[in-house]
Amino acid sequence: MSSPFDEWFGKRRRIGSWFPDIDEMMREMDRMMQEAFKNFEQQVPKNLVKERKLDDGSVVREMGPIVYGYSVKIGPDGKPEVRKFGNIDAFPNLLGGGLSVKEEREPLVDVIRGKDELRVVAEVPGVSKENLRVTADENSVTIESVTGQPRYHKRVELPDMVDPKAAKSTYKNGILEISFRLKGRSGSGVSINIE
């Protein structure tokens, strides 16, 4: 018996023969995700499972929001960098069987290095600026929503040391952008106000 997930995975588009390595990597990720989605419903946190009664009296179970994705880009060394986002933690548990669903999502985050600065851009849609909290030290930045739904949390290790006290950030239309000045000395973590 096929599941809705089998149908979805069967319809996925392939990149094609122009990028055979990436196409093979995506086929392998699809295979791992199909395996992980077996017995999926038992692993969903109870607050993400809802039942509602239809007009005809029948009851429908709904799960969600369940978010999983990955972005692939070519790094400065010419090798692909794969970054995951969402609230499914699939890769560490695949060999042990199954996956885990978290209440918090990992936002899609990109780190962009300039000549004198480092920018962190995160997609955190559906959250008001007042519900976001950003903290940083010279080696990492943590982005989280503190109340409401959806919930986000992500700690990002930075590739270079930064001056967190000189950080500036903006938040508009679900996009959080944090700019750091590159630096080389140590210090303690600081909060960053969001403009």
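## E106, its neighbours and the wider fold

Biologist: Which residues does E106 touch, not counting residues up to four places away in sequence?

Modeller: This is a predicted model, in which local features need pLDDT (the predictor's confidence in each residue, from 0 to 100) of at least 70, side-chain atom pairs count only at pLDDT 80 or more, and totals for chains, interfaces and linings use all residues. Residues are numbered from 1 along each chain as its sequence is written, and side-chain values use heavy atoms, with hydrogens and water left out. With contact defined as heavy atoms within 4.5 Å, E106 touches K84, F85, G86, N87, H153 and K154.

Biologist: What is the relative accessible area of E106?

Modeller: E106 is placed in strand 5, residues 100–106; helices (H or I, at least four residues) and strands (E, at least two) are DSSP runs numbered from the N terminus. A residue is buried under 20% relative accessible area, exposed over 50% and partly exposed in between, with a 1.4 Å probe and protein chains only. E106 is buried, at 15%.

Biologist: With which side chain does that of E106 make a polar contact?

Modeller: A polar contact is a pair of N or O atoms within 3.5 Å; within protein, one must be able to donate a hydrogen and the other to accept it, and residues adjacent in sequence count only if both atoms are side-chain atoms. The two side chains come to 3.0 Å, and the partner of E106 is K154.

Biologist: How far apart in space are N87 and G64, C-alpha to C-alpha?

Modeller: N87, one of the residues that E106 touches, has its place in strand 4, residues 80–89. N87 is buried, with a relative accessible area of 1%. In sequence N87 and G64 are 23 residues apart, and their C-alpha atoms are separated by 10.0 Å.

Biologist: What is the distance in space between K73 and D110, C-alpha to C-alpha?

Modeller: K73 belongs to strand 3, residues 68–74, and is partly exposed, with a relative accessible area of 30%. Not counting residues up to four places away in sequence, K73 touches K79, P80, E81, R83, D110 and V111. K73 and D110 are 37 residues apart in sequence, and their C-alpha distance is 9.8 Å.

Biologist: How many salt bridges does the structure hold?

Modeller: A salt bridge is a side-chain nitrogen of Lys or Arg within 4 Å of a carboxyl oxygen of Asp or Glu. One of them joins R155 to E157, with the closest N and O atoms 2.1 Å apart; R155 is partly exposed at 47% relative accessibility, and E157 is partly exposed at 49%. The number of salt bridges in the structure is seven.

Biologist: How many residues apart in sequence are the parts that R119 and E177 tie together?

Modeller: The side chains of R119 and E177 meet in a salt bridge, at 2.7 Å from N to O. R119 lies in strand 7 (residues 117–123) and E177 in strand 12, so the pair ties together parts whose separation in sequence, in residues, is 58.

Biologist: Which residue of the R181 and D163 salt bridge is buried?

Modeller: The side chains of R181 and D163 meet at 3.0 Å, N to O. R181 lies in strand 12 and D163 in strand 11 (residues 162–172), so this pair ties together parts 18 residues apart in sequence. R181 is partly exposed at 48% relative accessibility. At a relative accessible area of 11%, the buried residue is D163.

Biologist: Which residue of strand 2 stands opposite R52?

Modeller: Strand 1 (residues 49–53) and strand 2 (residues 59–63) pair in the antiparallel sense over five bridges, where pairing requires that DSSP finds at least two bridges between the strands. The two form a hairpin with five residues between them, and G57 in the turn has a positive phi of about 95°. Opposite R52 stands V60.

Biologist: Which strand has the highest confidence in the protein chain?

Modeller: The protein chain has two helices and 13 strands, with an average pLDDT of 76 and 73% of the residues scoring at least 70. Confidence is lowest in helix 1 (residues 4–11), at a mean of 52. It is highest, at 93, in residues 175–182, which form strand 12.

Biologist: What share of the exposed area of the protein chain do carbon and sulfur atoms supply?

Modeller: Of the 195 residues of the protein chain, 34% count as buried. By the Shrake-Rupley method with a 1.4 Å probe, in which only the protein chains shown count as cover for residues, the chain exposes about 12400 Å². The share supplied by carbon and sulfur atoms is 50%.
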